[in-house]
Amino acid sequence: MGLRHLTTGMFGKRSRYRLWSFGYKMFVLYVVSMTVSVSLIGYFSYRKSTEIIEMKVGQIALETIQQADKRIDSILAEYQNRSQLLLGYKPLHKGIMDAFKDNYDRIQTNADIDNFISTTINAENDIARLYVFGEKANSYRYAESENSAFAVWPAVGPEIAGQDWYRDIAAAGGRVVWLGIRPSVLHGNALSSIAEPAGEKRERSRPEASPVFAFGRAIKDVYGTNETIGVALFEMKPDRIRDILGQVDFHSSGVTFMVDGAGRIVGTPDDDRLAGIGTFELSLPAASPGGMMRTSYKGHDTVLVHDPMYIEGWKLVGMAPADHFIRDSLEIRGFTVVLAASLVFVAVALALVASSRMSKPVRRLMQAMKRAREGDFQVQIGERRRDEFGVLYDSFNLMVSRIKSLIDELYIQRLLQTELQLKMMASQINAHFLYNTLDSIHWISRIYKVDEISTMIFGLSNYLRISLSEGKPEVTVREAVQLIDSYLSIQQVRYQDRFTVRMSVDETLSDYSVLKNIFQPIVENAIYHGLETKKGKGELAIRWMREDDRLVYEVADNGVGIEPAKLAEIRESLGSPELIGGDEGCFALKNIHSQLKLAYGEGHGPHIESERGTGTVVRLTVPLRK
């Protein structure tokens, strides 16, 4: 049970590690960023292309509407000109006023009117019916059939004159009143109000129920009082206008129609579409120069284009469902979706490759770190890269090398300490016996008055006592000075008056702790290598100085000095990373340097200045500590 739990925990931890590994994070980040980027680019590209297509298609639709509008306007202008010819035709005024000289004149005038309408007004053969409602005496009707029919009616009665369209035309004062495409205004029982004159047989033809394009104008007595004497109602065949409206292509579900100023639909390509639309419920700006708009019409998203017509307040309108209008953009949307999906697939593949390549150096670094963690500090990453991983590799190699160097230094330090402790233990075994023996020799020499022996034995006894110091590696500065003083007392007996000694000590340093074995060897080197071979009397200056929180120990002699080549060799030996070694000439300095480095770290060691024939100065700088 415990083994299973441990195994599950290990594999669960490994799964979580893999889930949140650097490569996995890179893969997720790359996929998400590419997916979001591609989606945004696809979305905005589709939006922009849709806007461009809508604008282009709308512009084309508007231009198509404008061209159709110009063609319809030219037809309406032609209608207006022909109606103007009829209003100014003098025989028509004569007939309305019944200003005939006799019956022959009546017949002749009516024939002239019939001929004028059929040959001039209906020159395009596009008049379905033409009504001239006279308010004085006579009215006229012209209808195109298999045999053109011209009829003379009595003056208009109140049943006709009272209708809205009649009053609107009469009130316009001669201006054209456009009624649009609609059924005939006299369709049904309207003719029953017109009485036929007695004794005169008139051909009577009932108006057709098919739609016509109607407009009318008031007829004024321009040859007399200028009063309104009647109304002319034109019912034109709508084929020409409907053909133009039908030629505007807004797909099978679109429609083109004319709207008057009141929003009434006054013309469509066919009756079915007119019945399907009914009243146009959207209000368009009256002063608008035309344009395109997208709106909701009867619950459907609709694109609408409009343009002002020749008739004031009228507009030519094209309308179609928006999806039919922008069908091409839907194809672009489908293509965009497929392209985006393909790019995302490619992005996933690239993400796998990129994350694998990015995680490979990370795995290599982790493997090397694992070996170092297990104690193999010989490990090095041999691959050389010129990117950030190369910097990491170099830093790791340097770090492991330094750790190994520190471990080696610590190991050597422990060996030295162990060796020193063994020596100290061996020396301390006979320390009491040695002190007693030296003390006996000292007093015997005093008894026999051998002062030189007494001085040397006393100095040696103090030197050994301080050097051994119960095996402690450190002594106070006061004790270190006593150690040097004891050593010099022995050497001065040996060398008699060969050199003089001057030693100065900063008393504030007395209670600080220092390594006990780093000062005497420097004095010994000054005597043996500097003053011993000097001709004449030598001088030895020893100074214990304080600089801030550091002790500066300086030994200067005016001995023979050191050859430049030998001095360079000594400095090179002190700068090498080995803690022990060196030839006989610099062994003591190397030993001092190693002790300082192990005790205080880098930056602490002997500094030597020497000139051949002048002397040598050796300086130590160590931190002060209690």
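What follows is a walk through the confidence, the helix packing and the aromatic pairing of this chain. The model is a predicted one, and its confidence is a sensible place to start.

Averaged over the chain, pLDDT comes to 79, and 79% of the residues score at least 70. Confidence peaks in strand S5 (residues 212-220), with a mean of 94. At the other end of the scale sits helix H1 (residues 2-19), where the mean drops to 42. Residues 1-19 have pLDDT below 50, and beyond near neighbours in sequence this stretch has 3 contacts in the model. Residues 188-207 also stay under 50. For residues 188-207, though, the model has 27 contacts beyond four places in sequence.

Next come the helix pairs, beginning with those that involve helix H17 (residues 587-600). Helix H15 (residues 520-531) packs with H17 at about 160°, the two axes being 10 Å apart. Angles over 145 degrees count as roughly antiparallel, so that is how H15 runs relative to H17. The H15 and H17 crossing is left-handed. On the H15 side the contact uses Pro521, Ile522 and Asn525, and these meet Ala588, Leu589 and Ile592 of H17. Sorted by class, the residues in this contact come out as 5 nonpolar and 1 polar, with no charged ones.

H17 also packs with helix H16 (residues 564-575), here at an angle of about 30° and with the axes 10 Å apart. With the cut-off for roughly parallel set at under 35 degrees, H16 is therefore roughly parallel to H17. H16 passes H17 in a right-handed crossing. Ile570, Ser573 and Leu574 are the H16 residues involved, facing Leu589, Lys590 and His593 in H17. The make-up of the H16 and H17 contact is 3 nonpolar, 2 polar and 1 charged. Leu589 of H17 turns up in the contact with H15 and again in the contact with H16.

Earlier in the chain, helix H3 (residues 90-97) and helix H4 (residues 103-121) form another packed pair, with an angle of about 135° and axes 9 Å apart. Since 135° is not over 145 and does not fall in the 65 to 115 range, H3 is oblique to H4. The H3 and H4 crossing is left-handed. Pro91, Leu92 and Lys94 of H3 make the contact with Asp105, Thr109 and Ile113 of H4. By class this contact holds 3 nonpolar, 1 polar and 2 charged residues.

Finally, the aromatic side chains. With ring centres required to lie within 6.5 Å, the count comes to 16 aromatic pairs. One of them joins Trp178 and Phe215, whose rings are 5.0 Å apart centre to centre, with 40° between the planes, a tilted arrangement. Trp178 belongs to strand S4 (residues 177-182) and Phe215 to strand S5, so this pair ties together parts that are 37 residues apart in sequence. Strand S5, on the Phe215 side of the pair, is also where confidence in the chain is highest.

Notes. Residues numbered from 1 in each chain as written. Predicted model: local features only at pLDDT ≥ 70, side-chain atom pairs only at ≥ 80, totals over all residues. Heavy atoms only, no water. Axes fitted to C-alpha atoms, helices over the stretch in contact; angles between N-to-C directions. Helix = DSSP H or I, 4+ residues; strand = E, 2+ residues; numbered from the N terminus. Left-handed = near helix turned anticlockwise from the far one by under 90°. Contact = heavy atoms within 4.5 Å. Nonpolar A, V, L, I, M, F, W, Y, C, P; charged D, E, K, R; others polar. pLDDT = per-residue confidence, 0-100. Phe/Tyr/Trp six-rings, centres within 6.5 Å; stacked < 30°, edge-to-face > 60°.
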